[in-house]
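Subject: Structure handover

Hello,

Here is the structure I promised to pass on. Please open it alongside this message.

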Amino acid sequence: MALSALRKLRANRKNRAGGADRSSASGKPPRAADGEILLETVGLTKTYAGADGELPVLAGIDLKVRAGEILALLGRSGSGKSTLLRCLAGLIPAGSGTIAYRDEPLRGANPGTAMVFQTFALLPWLTVQQNVELGLEARGVPADERADAALRAIDLIGLDGFESAFPKELSGGMRQRVGFARALVVEPDVLMMDEPFSALDVLTAENLRGELLELWESGRFPTRAIVLVTHNIEEAVLMADRIVVLGSRPGRIKESFEVALDRPRDRNSAAFEDLIDRVYRVMTGRVKETRVPGRPDEVEPDRRTPANTPLPTASVDGLSGLAEMVAHRGGRCDLPDLADDLGLEVDDLLPLVDALDLLGFAKISGDDLLLTEVGAAYAGADVQLSKTLFAEAALGAPLVRLITTSLRQNPEGTLRAGFFRDVLAHHYTSEQVTEQLETATDWGRYAELYAYDADPQEYRLDEDEQPPPSAQA
Ligand SMILES: Nc1ncnc2c1ncn2[C@@H]1O[C@H](COP(=O)(O)OP(=O)(O)OP(=O)(O)O)[C@@H](O)[C@H]1O
Ligand SMILES: [Mg+2]
């Protein structure tokens, strides 16, 4: 496929000699020179209305997107990547600060961007060509021009032959090609992509990435810059000229990396691996010089609260499985290697790593995950001992501790889940509150600290944990 797309491209180039000037007919601004600033945010903040008050998502983002670059926005789930992308595209308004496209403050949808979504977002009742024409229709382009442009985009992206197919007849990779063609057909200055490869199988994703890069490198890509949202470090290092890492709660720029590697990039080269390691350390927040006091992963154990130290989304089974795997490797292992062996991304393991860290079962040292003494004991323990060790450790997790101590102080040893929901709603979205409570329920149940009855949504101290009769008086 990569080759056929490239051949198409060369043919197109011959047919459209000197086609660099796309501006005249469509009334678009002249082609931006390399380095020219296309998008710029200054002090961009964004908050969402939560169950109780405002939830800060982005805080003080200063970002420039320049012509000629592929910029990757990298961050963990919930760090505000999609929110930032939507703000840049003008799909949602900024809270405060400014967003400009070619020096013009943005009002409403950004005329210089088009978006590719993770989930393709195709209309099932329209053919490939009709789906691709949609963007032009919305911009009032006449029917014959629309058809021409759509066929060109379809050709460019390797979809020719599929013009009259419906989305349901296509594989995931082909559907995402339609997503690309639909965005490219409007020849936006900046192509915005929100995790465009993450719903595809590994090989399809790899093939599409390669084709996209070939098109970009060939100079015939009909956009001047690409903003790629991803949580995949390797994808960012493979594709981007610059990587901006967002931290969480609220999203801030943690660090920027220039990727000065020649293309096509060799994943096995030392420089490639070195950059992966550096980005990885910033992503995990474990690099001393990038630490910001007061960040959630920086809170001293005795100052942790359910508000500043959320529970990682990790089940007891998941975190125990990881502890066992590390134990089998001698109590220490290189995380990127482990992820590789398991066919996972490092970031898939991060919630489990965070959980082991929070529980005091493991520590991060460079790229290595190291079991602590108690972590090693936990990994090797029988069920009873592992429950005892887990119970002690889980009381160091603020939400588990809050639930346990609240129940202990309540004469009946029971409390409605709504109580904890309300407490958490001050700091989290309702989705996050649900996740926090699900994890706390899983951990507390396994630790036999408390039980949870879904009907009537009530936490109850475990029998062995019931308050003594004197406390019930
Ligand atoms: N419309 C909304 N209303 C309220 N909260 C929202 C809304 N959209 C996102 N959020 C919250 O804002 C935070 C950032 O969300 P966002 O989708 O931008 O993150 P992300 O980095 O793209 O995450 P992911 O990797 O999971 O896609 C999250 O905590 C999310 O729950
Ligand atoms: Mg997202």
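Below is what I found, starting with the chain as a whole and ending with the ligand.

**Overall**

Please keep in mind that this is a predicted model. The protein chain has 473 residues, and 39% of them count as buried. It holds 18 helices and 16 strands. Among contacts with a separation of 6 or more, 69% are between residues 24 or more positions apart.

**Strand β8 and its partners**

Start with β8, residues 225–230. Six of its six residues are buried, so the strand is largely enclosed by the rest of the structure. In a regular strand, side chains alternate between the two faces of the sheet. In β8, Ala 225, Val 227 and Val 229 point one way. Ile 226, Leu 228 and Thr 230 point the other way. Both sets are buried.

β8 pairs with β3 (residues 70–75) in parallel, through five bridges. One register point to check is Leu 74, whose bridge partner in β8 is Thr 230. β8 also pairs with β7 (residues 190–194), again in the parallel sense and over five bridges. There, Val 190 has Ala 225 as its bridge partner.

**Glu 235**

Next, look at Glu 235, in helix α8 (residues 233–239). Is Glu 235 buried or exposed? The cut-off for buried is 20 or more C-beta neighbours within 10 Å. Glu 235 has 21 inside 10 Å, so it counts as buried. Leaving aside residues up to four places away in sequence, Glu 235 touches Phe 197, Arg 209 and Thr 230. Thr 230 is also the β8 partner of Leu 74. A second glutamate, Glu 195, sits 40 residues from Glu 235 along the chain. Their C-alpha atoms are 10.0 Å apart.

**The four-strand sheet**

There is also an open sheet of four strands, in the order β2-β1-β4-β5, with antiparallel pairing. The edges are β2 (53–66) and β5 (104–105). Each has a single partner strand, so one side of each is left without a neighbour in the sheet. Further in, β1 (residues 37–50) runs antiparallel to β4 (residues 96–101), and five bridges join them. Val 42 is bridged to Thr 98 in β4.

**Helix α5**

Helix α5 covers residues 143–156, 14 in number. From first C-alpha to last it reaches 20 Å, close to the 20 Å expected at 1.5 Å a residue. An α-helix has 3.6 residues a turn, so residues three or four places apart point the same way. Its buried residues are Arg 146, Ala 149, Ala 150, Arg 152, Ala 153, Ile 154 and Leu 156. Note that two arginines, Arg 146 and Arg 152, are in that buried set. After α5 comes Gly 158, with a positive phi near 80 degrees.

**Ligand 1**

Finally, the ligand. Which residues come nearest to ligand 1? Of the 14 around it, they are Tyr 48, Ser 77, Lys 81, Ser 82 and Thr 83. By class, the shell has two nonpolar, 10 polar and two charged residues. Helices α3 (81–88) and α17 (430–446) each supply at least two residues of the shell. α3 gives the most, with three. Why does ligand 1 lie between domain 1 and domain 3? Domain 1 (2–283) and domain 3 (398–472) both give residues to the shell, so ligand 1 lies between them.

Best wishes

Notes. Residues are numbered from 1 along each chain as its sequence is written. Chains are lettered from A and ligands numbered from 1 in the order in which they are written. This is a predicted model: local features need pLDDT of at least 70, side-chain atom pairs count only at pLDDT 80 or more; totals for chains, interfaces and linings use all residues. A residue is near a molecule or strand if its C-beta atom, placed from the backbone, lies within 6 Å of it. Ala, Val, Leu, Ile, Met, Phe, Trp, Tyr, Cys and Pro count as nonpolar, Asp, Glu, Lys and Arg as charged, and the others, Gly among them, as polar. Domain bounds come from an automatic or database domain assignment. The expected span of a helix is 1.5 Å times one less than its number of residues. A residue is buried if 20 or more other C-beta atoms lie within 10 Å of its own, exposed if 12 or fewer, and partly exposed in between; C-beta atoms are placed from the backbone. Two residues are in contact if their C-beta atoms, placed from the backbone, lie within 7 Å. Two strands pair if DSSP finds at least two bridges between them.
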